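The following exercises concern the geometry of a protein–DNA assembly. Each task is followed by a solution that proceeds step by step.

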2 protein chains.
Amino acid sequence: MSRTTIADVAREAGVAKATVSHALSGNRPISEETRAKVLAAAEKLGWVPSQSARALANRRANAIAVVLARDPEVIANDSFFPAFIAGVESVLSETETALILQVVPDRDAEERAYRSLAHGRADGALLLDLRDDDWRVPFLDDLDLPTVLVGAYDGPHPFSCVRTDDAAPIRDIIAHLRADGHERIAHVSGPLRYVHSRARALAYRDAVGDDRLLREGDFTAASGRALTAELLALPDRPTAILYSNDTMAIAGLSYARAQGLSIPADLAISGFDDDHLSAHLTPALTSVSSDPAARGRAAARLLRADILGAEPRTEVVDCNIVHFRESTGAPQTTAPTVSRRTP
Amino acid sequence: MSRTTIADVAREAGVAKATVSHALSGNRPISEETRAKVLAAAEKLGWVPSQSARALANRRANAIAVVLARDPEVIANDSFFPAFIAGVESVLSETETALILQVVPDRDAEERAYRSLAHGRADGALLLDLRDDDWRVPFLDDLDLPTVLVGAYDGPHPFSCVRTDDAAPIRDIIAHLRADGHERIAHVSGPLRYVHSRARALAYRDAVGDDRLLREGDFTAASGRALTAELLALPDRPTAILYSNDTMAIAGLSYARAQGLSIPADLAISGFDDDHLSAHLTPALTSVSSDPAARGRAAARLLRADILGAEPRTEVVDCNIVHFRESTGAPQTTAPTVSRRTP
DNA sequence: ATGGCGAATCAAACCGGTTTACACTCATCA
DNA sequence: TGATGAGTGTAAACCGGTTTGATTCGCCAT
């Protein structure tokens, strides 16, 4: 660990500790000459200020946190999360801020985690996987921990918020399918307790008119497969299925083909979130890329502003792009992918 | 943030700060009666000790770090990482230790990150994605930051190490394919600069006898597809391909089918790492589940021991299980998956 | 000569815990 | 009866930074 302290540097430079501190922070005027001496001494001794001492004195941890209450199994399923984190990091690294990641098994552990974070470990938190009336919202408000909500949240809250318009791409895909003559379009959603799953399901219902062909999945391949089987067994089976993520879509596609259906002739299929695999499947899977990294960057920036005392605000990241590919009968050009920005 | 301090608790309980500290840490004997008073006061005031003050006084951050120098694109590809992290967390949560995650764009940023971590931010680090003569090994040794290497590392080093035997499942799969009559077995590897990719490639070469049908990929779907095309275009095309991860395998499988090959009759395919999709594809993909969470747990435990001053040691986590599924012509029983523990 | 003022620097207090050195009480033992 | 020491508790030092109040010095206006 750091053996050399600010006192060593001060001695080496022949000045007081305070002078060293000011020379580096610029909080007080220091003559150019002295500053040079200080920098030289720091360089010579290879001094790196102690993060913990700084955190204590500043009452700032220089860290933000993400707490995940998901099942490890589900975390591994998720292509959104890693890219989101990468986006967050790209902003944090500008300010030497660290990201603390916690995976907790239950609500009790989650509460403890947030408490500990609020008491000196972190300066703020990002909230993912929002649900209706999410208990964490009032809880974090109570803890007085600056927070940014990632995803739409309907209830009242004092926080900044990053959201996207998931309804537009859904409408876009359905319009596309309708234009191709599809009349029975089904939707396999994610768990409806999540606000983003429900937003997609509602957009589907609004566009289709009813939800008789809506099935609630859980984002896993197993549920995609099972619900596809269920839908295809209907007397009036759907001619197109819209899945709320690519994992379910790929499992569904695979199942449908095994049943002898050809894609997209017998069944058109669309995913959501644009998994890295999707463009390389045969047929390539139509999906919606939502640029998780952009959302991560936006969330990190909002949180930083929040920590510095800015007013909370909501930012809509408009980054959903529908990639129409072969699984919905996209025209087969030399370019395998036809992209359209959602309006 | 934490307004109530240990001094408030001491006043409330009518004792000295030191007594509060001892009552909670148990470092000194405190009478049951006094301890009860202290606990009651702490409870009443809702006191949570400040992590930063504690970190400074203890010279311990109660945090460990993982620094990733990968491309965000590649991170999103990886099903190993999230599960690994979940395993790490399950051990850390036992001791109120936080995990700091940093994604850095280049080596310069990576060095800065490790320096800052070593100076009060973290007590130790986990090293992933090891390469030959990895510069980080001597660098971290120099920084005097307790470290655990995840993956085999051949060079000399003073650290603990978690490794797995990736050669055994490769041998196992090849033996299985041979038994089914396959003679031309190809391998699409990961980047050979990574030690784990090379270990698999070497196991393949040793089992097959030569590496004429070895192609170096980069774990992406695009490379899986491209190299599959290359292999299938050979005059003596392989009848089986072993991929070093499932993403490449699925892309390859998809391509082969589009070429009119039937799987596994015309081409047997095996992946590695057992993606959550693989068991649900049709045909289900043979793969090797390597229990990343178990490796995460082992790594976290070794690091904790290391931080507490234990001698470094190497732990071999034997958790590779080959799941023989339809893509290599597994017998089609009612149970879709036949598992065999590698010897 | 005197007061006022800004710039540069320093010593000391402070952040909120942990740890050390010491004091006090009471039972035990020679 | 005085020495010994185990059992509890406290005050103060300490971890390594940042921030504040005071001080010194040069310079200008009065």
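In these exercises, helices (H or I, at least four residues) and strands (E, at least two) are DSSP runs, numbered from the N terminus. A residue is near a DNA strand if its C-beta atom, placed from the backbone, lies within 6 Å of it. The model is predicted.

**Exercise 1. The surface near each DNA strand**

Determine which elements supply at least two residues of the surface near DNA strand D, and state how that surface divides by class. Repeat the analysis for DNA strand C.

Solution.

Step 1. Among the 28 residues around DNA strand D, those that come nearest are A:Ile6, A:Ala18, A:Ser21, A:Ala57 and B:Ala18.

Step 2. Assigning residues to elements shows that helix 2 (17–25) and helix 4 (51–58) of chain A, along with helix 2 (17–25) and helix 4 of chain B, each give at least two residues to the surface near DNA strand D.

Step 3. That surface comprises 13 nonpolar, eleven polar and four charged residues.

Step 4. Around DNA strand C there are 28 residues, of which A:Ala18, A:Pro29, B:Ile6, B:Ala18 and B:Ser21 come nearest. Two or more residues of this surface come from each of helix 2 and helix 4 of chain A, and helix 2 and helix 4 of chain B. The class division for DNA strand C is 13 nonpolar, eleven polar and four charged.

**Exercise 2. The contact between the chains**

Characterise the side of chain B that touches chain A, and identify the relation between the two copies.

Solution.

Step 1. Counting contacts gives 55 residues of chain B against 55 residues of chain A.

Step 2. On chain B, the elements that each contribute at least two residues to this side include helix 6 (80–92), strand 2 (98–103), helix 7 (107–121) and helix 12 (246–258). The side contains 31 nonpolar, 17 polar and seven charged residues.

Step 3. Strand 2 of chain A and strand 2 of chain B run antiparallel and are joined by three bridges. Within this pairing, A:Ile100 stands opposite B:Ile100.

Step 4. Chain B superposes on chain A, with an RMSD of 0.2 Å, after a rotation of 180° and a shift of 0.1 Å along the axis. The relation is therefore that of a two-fold axis. The C-alpha of chain B nearest that axis belongs to B:Ile100, at 2.3 Å. Both copies use the same surface, since 100% of the contact residues of chain B recur in chain A.

**Exercise 3. Backbone exceptions**

Most residues other than glycine have a negative phi, and most peptide bonds are trans. Locate the cis peptide bond in chain A and in chain B, then examine the positive phi of A:Glu96 and of B:Asp133.

Solution.

Step 1. In chain A, the bond from A:Thr282 to A:Pro283 is cis, with omega near 0°. A:Pro283 belongs to the loop between strand 9 (268–270) and strand 10 (287–289) of chain A.

Step 2. In chain B, the bond from B:Thr282 to B:Pro283 is cis, with omega near 0°. B:Pro283 is placed in the loop between strand 9 (268–270) and strand 10 (287–289) of chain B.

Step 3. A:Glu96 has a phi near 55° and lies in the loop between helix 6 (80–92) and strand 2 of chain A. With 13 other C-beta atoms within 10 Å, A:Glu96 is partly exposed.

Step 4. B:Asp133 has a phi near 45° and sits in the loop between strand 3 (124–127) and helix 8 (136–143) of chain B. B:Asp133 counts as exposed, because it has 10 C-beta neighbours inside 10 Å.

Methods: Residues are numbered from 1 along each chain as its sequence is written. Chains are lettered from A and ligands numbered from 1 in the order in which they are written. This is a predicted model: local features need pLDDT of at least 70, side-chain atom pairs count only at pLDDT 80 or more; totals for chains, interfaces and linings use all residues. Two residues are in contact if their C-beta atoms, placed from the backbone, lie within 7 Å. Ala, Val, Leu, Ile, Met, Phe, Trp, Tyr, Cys and Pro count as nonpolar, Asp, Glu, Lys and Arg as charged, and the others, Gly among them, as polar. Two strands pair if DSSP finds at least two bridges between them. Copies are superposed by least squares on the C-alpha atoms of residues with pLDDT of at least 70 in both. A residue is buried if 20 or more other C-beta atoms lie within 10 Å of its own, exposed if 12 or fewer, and partly exposed in between; C-beta atoms are placed from the backbone.
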